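User: Could you walk me through this structure, one question at a time? I would like to start with the ligand and then move on to the sheets and the backbone.

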Amino acid sequence: MKFHHDIVIVGAGLAGLRAAVECVEKADIAIVSKVLPTRSHSGAAQGGITASIGNEEEDHWEWHMFDTVKGSDYLADQDAVEIMVRDAPRVIYELEHMGVPFSRNTVGRIAQRNFGGHTRDYGKKPVKRACHVSDRTGRVVLDTLYDQCLRHKVKFYPEHYVLSLVLEDGRCDGMIAYDLSSGELNLIEAKAVLLATGGCGRIFKTTSNGFASTGDGLNLAHRAGIPLMDMEFVQFHPTGLYPLGILVSEAARGEGAILRNNQGERFMERYAPTVKDLAARDVVSRAILTEVREGRGFEGGFVHLDLTHLGEEKILEKLWEITSFVRIYLGIDPVHEPIPVYPTCHYIMGGIPTDAEGRVLKDESRTVTKGLYAAGECACVSVHGANRLGCNSLLDTLVFGRRAGLAMKEDIAKIEYHPVSDEPLEKAKELIGGLLDNKGPEKIAIIRRNMQSLMMDHCSVFRDEDNLGIGLEEIRSLKKRLRNVEIVNKGRYFNYELMEAIELGHQLDLAEVILLSAFRRKESRGAHFREDFPARDDTNFLKHTLVFPGGEVRYKSVTVTRYHPEARVY
Ligand SMILES: Cc1cc2nc3c(=O)[nH]c(=O)nc-3n(C[C@H](O)[C@H](O)[C@H](O)COP(=O)(O)OP(=O)(O)OC[C@H]3O[C@@H](n4cnc5c(N)ncnc54)[C@H](O)[C@@H]3O)c2cc1C
């Protein structure tokens, strides 16, 4: 079937929904999502959204900007960071007006709490900057934005899997989407397409990310000729629940929880004397694994996150959800016992390069791809550089989702409608048919497991040249093995095995890009720590990586406006 809209948004997380709300009154718009919209990963966000509204103590956007730039290990583009942090207070009040029931402090104002790396007065001490709805912030904001979309009658294509983008003459004219419920292929034409497809954490074995975070949008753009930027920067969140990897939000430490090693020592005092447990995530993750390596962890490779001194009342009010799933999954009660935690893959700082209006850039000279936009975790504008600070991601999705919406609304008046031939649809039919007919000894689940373990062993918190080199070779051989996969389920309806085969193809391509970017960056910066090059090297590597389709690696300069690189200590 063929459909047509002015604007089509791929992804119903915060970035996609916020963009839709922005342009729905001016355009015919639709949202395509492979999962039911409210099951997007944004709904799992617990901790909050940062803004320097200063409800608890003095705060300024300049402090927020400084922290974000320092947190990024000076790789973020500072013009983009400034746009984000200046817009943050507006974002919070706007959400409140849309109906988000933020938690309140004792005088009835929106409550704020501490989060790692957020400080007052340029690093002097932690500041309360994260606005939250208990520990269910993402869930509530996602539902609220979804309500807004329903109110405005946005057209949804739920459980539709986007297989490819249609690009012609450097312009995006639409996409091919596979209807999971019927097995039908659809061509959806559009004047403007926004990729808001989220992250790719499922490439790693230990991850906080949901099953849908397979990085499809990143690779759809890459396959269509777009380079991927800064993909070596993969964030490992310090406190994944051991041994499952699901997230224990930084909100726990924000509310006062303490990390302890097997001697009961508050070891973060040694690694970050000023802000201790509230240092940036890359610093805390390395500290935990260093404790484990040096024999001060617990057997199996974890440390303890201790909430017991906070008291039952505070724990249940502020950290209810975390507490309940620790009880359910581990049978441990955080009110009385410490929680076992270890680093878990959480977020990709890199992504599809865009300008501050979400327009996709196809090279280092900032050439725009007409009709193609990206926002949210799949995009790289870049506000997080080499390491994202907690609660800055929801902010990023809302600020740049809206800006992409504004840009699309304006641009479509100037874009002509280009009808698409049947060719892309025919190609997609061949692809699906080919996959279903494929014969061979390989299984998706086994290749995926191999990839996830390999990325964990070769490309996680600590990296070096030998390991990355071997990882690259092994990923390439897994890619070859994927050609011999046989899909057992030949059915039309909800054929998830088929979808997973396609997702795995994306994941392997992205794993290769991550390894390649990491292999080439011979320094340590933010989340990318090279044991063979443990220092940051601003002379040679204060630049963004761009990996082009085919594997060519080029670099792009970083925009520095206010804060010049200096030593990063917490
Ligand atoms: C457990 C957890 C807790 C977090 N907590 C916080 C927090 O407290 N604060 C914070 O700032 N950040 C937090 N983050 C990070 C933040 O939640 C994410 O970065 C952000 O929500 C991403 O939003 P998004 O709109 O880019 O994408 P997502 O919310 O991930 O949505 C992606 C969408 O793309 C669609 N999609 C993907 N591929 C396809 C395809 N091929 N075809 C069709 N549709 C497709 C999916 O269906 C989905 O609708 C957390 C992340 C996790 C995993």
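Analyst: Happy to help; what follows is a set of questions and answers on this predicted model.

User: Let's begin with the ligand. How many residues surround the ligand?

Analyst: A residue counts here if one of its heavy atoms lies within 4 Å of the ligand. The closest are Ser 40, His 41, Ser 42, Gly 47 and Glu 377. By class, the shell has 15 nonpolar, 19 polar and four charged residues. The number surrounding the ligand is 38.

User: Which residue places a polar side-chain atom 2.9 Å from a nitrogen atom of the ligand?

Analyst: Some polar atoms by the ligand belong to the backbone: one of Leu 14 is 3.2 Å from a ligand oxygen, and one of Gly 48 is 3.0 Å from a ligand nitrogen. For the side-chain atom at 2.9 Å from a ligand nitrogen, the residue is Asp 216.

User: What percentage of the ligand's accessible area does the protein cover?

Analyst: Polar contacts with the ligand include the one from the side chain of Asp 216, at 2.9 Å from a ligand nitrogen. On its own, the ligand has 1,000 Å² of accessible area, and the share covered by the protein is 97%.

User: Which element gives the largest share of the shell around the ligand?

Analyst: The elements that give two or more residues to the shell are helix H1 (14-23), strand S2 (29-33), strand S7 (160-168), strand S14 (339-348) and helix H11 (392-411). The largest share is four residues, and it comes from H11.

User: On to the sheets. In the open sheet that contains S10, S21 and S22, which strands stand at the edges?

Analyst: The order in this sheet of three strands is S10-S21-S22, and the pairing is antiparallel. A strand with a single partner has one side left without a neighbour in the sheet, so the edges are strand S10 (228-229) and strand S22 (553-557).

User: Which residue in S22 is the bridge partner of Thr 545?

Analyst: Strand S21 covers residues 543-547 and runs antiparallel to S22, with five bridges joining the two. In S22, the bridge partner of Thr 545 is Tyr 555.

User: Which helix lies across those three strands?

Analyst: The helix lies across S10, S21 and S22, running at about 140 degrees to S21. It spans residues 496-520 and is helix H15.

User: In the other sheet, which residue in S5 stands opposite Ile 49?

Analyst: This open sheet has the order S3-S5-S4 with antiparallel pairing, and its edge strands are strand S3 (49-50) and strand S4 (112-120). S3 pairs with strand S5 (residues 125-131) over two bridges. Opposite Ile 49, in S5, stands Cys 131.

User: Now the backbone. Which residue is joined to Ser 382 by a cis peptide bond?

Analyst: Ser 382 is in the loop between strand S18 (379-380) and H11. Another cis peptide bond joins Tyr 242 and Pro 243, with omega about 5 degrees, and Pro 243 lies in the loop between strand S11 (234-241) and helix H6 (251-254). In the bond to Ser 382, omega is about -5 degrees, and the partner is Val 381.

User: What is the phi of Lys 153?

Analyst: Lys 153 lies in the loop between helix H4 (137-151) and strand S6 (155-158). Although Lys 153 is not a glycine, its phi is positive, at about 60 degrees.

Definitions and conventions:
Residues numbered from 1 in each chain as written. Predicted model: local features only at pLDDT ≥ 70, side-chain atom pairs only at ≥ 80, totals over all residues. Heavy atoms only, no water. Pairing = 2+ DSSP bridges. Contact = heavy atoms within 4.5 Å. Axes fitted to C-alpha atoms, helices over the stretch in contact; angles between N-to-C directions. Polar contact = N/O pair within 3.5 Å; in protein donor to acceptor, adjacent residues only side chain to side chain. Areas by Shrake-Rupley, 256 points an atom, 1.4 Å probe, with all protein chains shown as cover. Nonpolar A, V, L, I, M, F, W, Y, C, P; charged D, E, K, R; others polar.
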